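Here is a model to look over before we zoom in on one piece of it.

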Amino acid sequence: MTIPNKYFHNKAILLLLIINIFLVIAGAVLILFRLDSGTTTNYIIEYRADYGIGEYQRGFGLDMAGFVLFLILNFTISTMLSLKTFIIRKNVSVIILAVCSLTNLLTIIVSNALMVLR
């Protein structure tokens with residue numbers, strides 16, 4: 001896959017790439033540093049309001065590390081989509097990177113909320 005010549009010269013795309021890289025690194029650090037190495041520690045990984053009494057689903061630290069994997073996958077897929085659509089429309093690639101920023105921010109907020117409930 002070739003990178004378009006003017007892709008990194010666009011200021012909006014460069015700004016959004018920097019923001020996304022910062023969010024991925026900050027989210028990974030915030031999640032991984034709060035994990036406990038003990039295998040007996042249960043983390044709340046799901047909240048289902050319609051279950052009634054058992055609305056909190058528990059899991060282990062590896063399940064919480066899935067948030068980090070999601071952050072990385074979201075960033076790489078969004079960057080690849082942005083590269084592919086830059087040739088066709090520059091605005092679409094900016095929107096893709098902006099949605100990636102929003103999704104990464106929401107992932108950090110949700111993982112933090114689940115960690116606090118532990």
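What follows is one request about a single part, then a longer reply.

Q: Could you walk me through helix 3: which of its residues are buried, and what do those buried residues pack against?

A: Sure. Bear in mind that this is a predicted model, where local features need pLDDT of at least 70 and side-chain atom pairs count only at pLDDT 80 or more, while totals for chains, interfaces and linings use all residues. Numbering starts from 1 along each chain as its sequence is written, and side-chain values use heavy atoms, with hydrogens and water left out.

Helix 3 covers residues 90–116, which makes 27 residues (helices are DSSP runs of H or I with at least four residues, strands are E runs with at least two, both numbered from the N terminus). Its end C-alpha atoms sit 40 Å apart, which agrees with the 39 Å it should span at 1.5 Å a residue (the expected span is 1.5 Å times one less than the number of residues).

The buried residues in helix 3 are Ser 93, Ile 96, Leu 97, Cys 100, Ser 101, Asn 104, Thr 107, Ile 108, Ser 111, Leu 114 and Met 115 (buried is under 20% relative accessible area, exposed over 50%, partly exposed in between, with a 1.4 Å probe and protein chains only). They pack against helix 1 (11–33), strand 1 (43–47) and helix 2 (61–86).

Take helix 1. Its axis and that of helix 3 come within 9 Å and cross at roughly 15° (axes are lines fitted to C-alpha atoms, for helices over the stretch in contact, with angles from 0 to 180 degrees between N-to-C directions). That makes the two helices roughly parallel (under 35 degrees; over 145 is roughly antiparallel, 65 to 115 roughly perpendicular, the rest oblique). Among the residues that meet here are Leu 16, Asn 20 and Leu 23 from helix 1, and Leu 97, Asn 104 and Ile 108 from helix 3 (contact means heavy atoms within 4.5 Å). By class, this contact has 16 nonpolar, six polar and no charged residues (Ala, Val, Leu, Ile, Met, Phe, Trp, Tyr, Cys and Pro are nonpolar, Asp, Glu, Lys and Arg charged, the others, Gly among them, polar).

Ser 101 gives you a residue-level view of helix 3. It's buried, with a relative accessible area of 11%. Leaving aside neighbours within four places in sequence, Ser 101 touches Leu 16, Ile 19, Asn 20 and Leu 23.

Helix 1 also packs on helix 2, with axes 8 Å apart at about 170°, so that pair is roughly antiparallel. Asn 20 and Val 24 of helix 1 are among the residues in that contact, as are Phe 67 and Leu 71 of helix 2. There the count is 14 nonpolar, three polar and no charged residues.
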